[in-house]
Amino acid sequence: MKPQQRNARGWFHRSLDLVAWPLSRRRLRPGELVAAALKRTGLRDFGPEGPHGQALGVLCEALEHEAALSPLGRLLARQTLGCALETQLQLAAALKARPALVDVPIARPVVVLGLPRTGTPILHELLALDPANRCPLSWEVAKPFPDASTRDPRAPDPRIAATAREFAFSERLMPGLQSMHRIGATLPQECVGITAFVFSSMQYPTIWRVPSYQRWLQQACDHTPVYRFHRRFLQYLQDGKPGLRWVLKSPAHLWQLPALLATYPAARLVQTHRDPLAIVSSLASMLSVMRSAYSGDIDRHAIAREWLAECASALDASVAARRAGVVAPGQVLDIPFRAFMADPPAALRALYAHFGMDFNEPLAAAIGAYVRENPAGGPSGHRHHFEDTGLDPAASRQAVWAYQAYFGVPSEPPTGAAP
């Protein structure tokens, strides 16, 4: 094995590969996937965003020719794409049954921006502590449609336990991921989990090596209908819980700030900032683990090169949006990573003050309790080193220096650990 490769696929993966082999030999063809979703659901209408368009075709081609899927990985990919199509069908049916839901506005959401590994999951969890806020939760994004025939309103929603079981299985497929990135059925979910349903999501390049899809997503995809679907999904989720303030999160919004703000023009943006080279080092380590569930061909150096370019592109896009006035100065709050991690309660107070939101004592107490129960602020034990990325430090620094200079983001000394 090459030094830069990391292959976490042991006997568990190989055993599942043997089981999956007979079921995984068919190609991933959009027409077959659509037909199967129609048959499974008995529904016919995919909604105004359509069943797949170009996105599903581009993604399937990349999966076939670039992702080096294992038998298990191919089976999981088929299930993932099929689930997305079924969700489109079910959402269209739900909104057709209750058309008034799409008339309820998504008023002034708080949208957390910032690349992965910049403290955004912790910030999202802290904001979720406020009863006035409403975050999309992992279980309701994964399983948004209840089974009315078996639902006992007096019992916990069975979808929560089902999602927890799936996450436990994911931890077996991706051993060590929980120490790098907290996942849980009742934790807030990122917006990429919603846009994945229409096959236009940065979720896919994180779990699969799909460079042609990644280029299409950034350069050719029309994200306007993607955000329309995103809004319709939130409108469905907020049924029965009006008046709460949505709190959303995704680094993918950095690439698409014009489309985001065209859909949510009054959004309140929070951008977290950190030395991008520390981000790339951590990502190369984490994505090596995530992709090992789907492929036995894992090259950490290639992942680092890929995500250095992606991070630089996202950060440059955020600078361009500021310079062009796409984002008004008062519409965004910038939070340095180190300052946030040093004093999360102070950062939350500043955020609420900036946007004129009510920061009360019960919320302060809840944040204090969270910080005491999570002293590291999040996952622990994630050790990574920039030298393991195979990247040239000087060239890498040059790629992100324009962003660092614009926002005044300091370079971090190389370390072996980061949350």
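Two residues are taken to be in contact when heavy atoms of the two lie within 4.5 Å. The structure described here is a predicted model, and the account below begins with helix α2 and its surroundings before turning to a second pair of helices.

Helix α2 comprises twelve residues, 30-41. At 1.5 Å a residue, a helix of this length should span 16 Å, and the C-alpha atoms at the two ends of α2 are 17 Å apart, which agrees with that expectation. The buried residues of the helix are L33, V34, A37 and L38. These residues cover an arc of only 135° around the axis, and they are therefore placed on the same side of α2. This arrangement may be set beside a general property of helices. An α-helix has 3.6 residues a turn, so residues three or four places apart point the same way. The face of α2 turned away from the buried side carries the exposed residues G31 and K39. Beyond the helix comes G42, whose phi is positive, near 75°.

The buried residues of α2 pack against two other helices, α3 (53-65) and α4 (71-97). Two packed helices are described by the angle between their axes and the distance between the axes. For α2 and α4, the axes come within 9 Å and cross at roughly 55°. The two helices are therefore oblique to each other, and α2 passes α4 in a right-handed crossing. On the side of α2, the contact is made by L33, V34, A37, L38, R40 and T41, and on the side of α4 by R78, L81, G82, L85, E86 and L89.

Individual residues in this region add detail. E32 is situated in helix α2 and has a relative accessible area of 35%, so that E32 is classed as partly exposed. Apart from residues up to four places away in sequence, E32 touches R26 and R27. E32 and A92 are 60 residues apart in sequence, and their C-alpha atoms are 20 Å apart in space.

L28 belongs to the loop between α1 (11-20) and α2. The relative accessibility of L28 is 3%; because buried residues are those under 20%, L28 counts as buried. When neighbours within four places in sequence are set aside, L28 is in contact with C60, L63, E64, L69, R74, A77 and R78. R78 also takes part in the contact between α2 and α4. L28 and D147 are separated by 119 residues in sequence and by 29 Å from C-alpha to C-alpha.

A second helix pair is formed by α14 (residues 276-291) and α15 (residues 300-324), whose axes come within 9 Å and cross at roughly 130°. α14 and α15 are therefore oblique to each other, and their crossing is right-handed. The residues of α14 that make the contact are P276, L277, I279, V280, L283, A284, S285, L287, S288 and R291, while α15 contributes R300, I303, A304, E306, W307, L308, C311 and L315.

Elsewhere in the chain, A161 is found in helix α7 (residues 158-173). With a relative accessibility of 38%, A161 counts as partly exposed. The C-alpha atoms of A161 and E310 are separated by 35 Å, and the two residues are 149 residues apart along the chain.

Notes:
Residues are numbered from 1 along each chain as its sequence is written. This is a predicted model: local features need pLDDT of at least 70, side-chain atom pairs count only at pLDDT 80 or more; totals for chains, interfaces and linings use all residues. Side-chain values use heavy atoms; hydrogens and water are left out. Helices (H or I, at least four residues) and strands (E, at least two) are DSSP runs, numbered from the N terminus. The expected span of a helix is 1.5 Å times one less than its number of residues. Buried means under 20% relative accessible area, exposed over 50%, partly exposed in between (1.4 Å probe, protein chains only). The arc is that of the directions from the helix axis to the C-beta atoms. Axes are lines fitted to C-alpha atoms, for helices over the stretch in contact, and angles run from 0 to 180 degrees between N-to-C directions. Angles under 35 degrees count as roughly parallel, over 145 as roughly antiparallel, 65 to 115 as roughly perpendicular and the rest as oblique. A crossing is left-handed if the near helix is turned anticlockwise from the far one by less than a right angle, and right-handed if clockwise.
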